[in-house]
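User: Please go through the aromatic contacts of the following entry in question-and-answer form.

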Amino acid sequence: MAKRIEVRPDTAAAAASADRMTRWLVVVLAVVIFAGGLFGYDQGVISGALAGIKDTFSLSVFMVQVVTSWVTLGALVGSLAGGAMGDRIGRKRTLLIAGALFALGSLVQWLAPDAGILVVGRFVVGVAVGVAAVAAPLYASELSPANFRGRFISSYQLAITAGIFLAYLVNAQLSASESWRLMLGAAAVPGLALFVIALVAPESPRWLMTKNRRAEAAVDIRKIYPQIDVERQLDAIHSALHEEEQAAPWSEIFAKEWRRPLVVAVGLAIFQQITGINAIIYYANQIFASAGFATEAARAAVTTWAIGGVNVLATLIAIAFIDNMGRRKLLLTGLIGMGVSLTAVGVAFQFIAPSGAVVSATGPTTAGIVTVVALVVFIISFAFSLGPVVWTVINEVFPARIRGRGVALATAVNWGSAYLVSQFFLSLVEGIGSSLTFFLFAMFCAAGWVWVYRIVPETKRKSLEQIQAMWSEKASSTG
Ligand code: BGC
């Protein structure tokens, strides 16, 4: 009996500390989900807003592309700045700034009196997207327990797709011409939410240790992991940092020893974009208009469900398989699906109007239906391969010493490529026609397949140290 009474307080204390840990992990997860969700929302919303913006400001094709693509240009700048900011002012303050910029940029878009100010708003939102895209996964990887780390990074990709889907749902609801303001401005609310969550979220103890703020680091570790031996944990972080201390300058990223991981990360970042995903995410409505979906409601429905909904579902499935099937197999299979479906879209467009004009006022033609089916196959193939796998590999191939900068560089290259695709997609369609444009994306899939087959090694179930050792072996064996 007496024994029982003694045990109870311990059990209660353990339950309370488990509760506290769960609460803080939910906060960390919320940061990741809001950052990814905002990224996705801002990617997806433009597809439905474009028609209204074009009406309001009478935009040329060139300006339509500028309005679309300046988010990605801002994100390129933001991702380069995000790594350095995170190191200098801390992960938490970097995320606070990202949240505030999201809200500010969204408000500017909402109130924009002319196309110039709208582009400024798009750029500011883009910077926020880029900063968050580097800071949020970095923050999560430093605060999540090792056995949840994979799932935390996957939640980021899932949140991106959920954000895109939500944007499409909003687009479908608000199709009147001036409602684009509300569509773009609405992101101010979750932007503020990210700001508030980041305000209560703990700072990364690992970052605090780099600034010799051990006492504060101890407080934050205790908040999240009340049961662990805080001093031992801090010593472990200290010695890991000490090993990394011989400062790694930017130039080390380009050192011969790390050329392979750099080529793998940057190459994957490029192939993820030049195979056309964002041409479809951004311009889905216009593609479906060309394929014969004559009414705005029909276009909105097919974009929402065939692209947005399928993307979320397929990503969910991908997360279940990603660790078992291996990165290479997923990439190689996905690229085949993407290449074949893009070829089918290219062929279908041969039967639509070469100019890309709407050909049927009565509804989708056979070629239009083929286009939808092929694009669904494309989205599924992307969602289980290049979508999540590219971000996973980028985050695991670099050695700790250069990981932050390596990830920032690969992320910036990814946004740079997204920028080029979104800036020139419509011009390409105008210049060489829809068919050839989709064939070009399909050719990049074929090139990507050969490249992955020859260059990307399997990293499944390898520890980060094993991956690092693998590069050293390869460098010495190739001289
Ligand atoms: C890509 C984004 C893309 C999204 C679509 C992400 O992995 O980086 O550019 O819009 O997937 O789901």
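**Aromatic contacts**

Analyst: As a starting point, Phe293 is buried, with a relative accessible area of 8%, where buried means under 20%, exposed over 50% and partly exposed in between (1.4 Å probe, protein chains only). This is a predicted model, in which local features need pLDDT of at least 70, side-chain atom pairs count only at pLDDT 80 or more, and totals for chains, interfaces and linings use all residues. Residues are numbered from 1 along each chain as its sequence is written, and side-chain values use heavy atoms, with hydrogens and water left out.

User: How many aromatic pairs are there?

Analyst: Rings of Phe, Tyr and Trp (its six-membered ring) pair if their centres lie within 6.5 Å; planes under 30 degrees apart are stacked, over 60 edge-to-face, and the rest tilted. By this rule, the number of aromatic pairs is 14.

User: What is the angle between the planes of Phe39 and Tyr156?

Analyst: Phe39 is buried at 5% relative accessible area, and Tyr156 is buried at 6%. Their ring centres are 6.2 Å apart in an edge-to-face pair, and the angle between the planes is 65°.

User: Which geometry do the rings of Phe288 and Phe293 adopt?

Analyst: Phe288 is buried, with a relative accessible area of 0%. The ring centres of Phe288 and Phe293 are 5.7 Å apart and the planes lie at 70°, so the pair is edge-to-face.

User: Over the ring of which residue does the charged end of Arg328 sit?

Analyst: A charge sits over a ring if NZ of Lys or CZ of Arg is within 6 Å of the ring centre and within 35 degrees of the ring normal. For Arg328, the charged end lies 5.5 Å from the centre of the ring of Tyr453.
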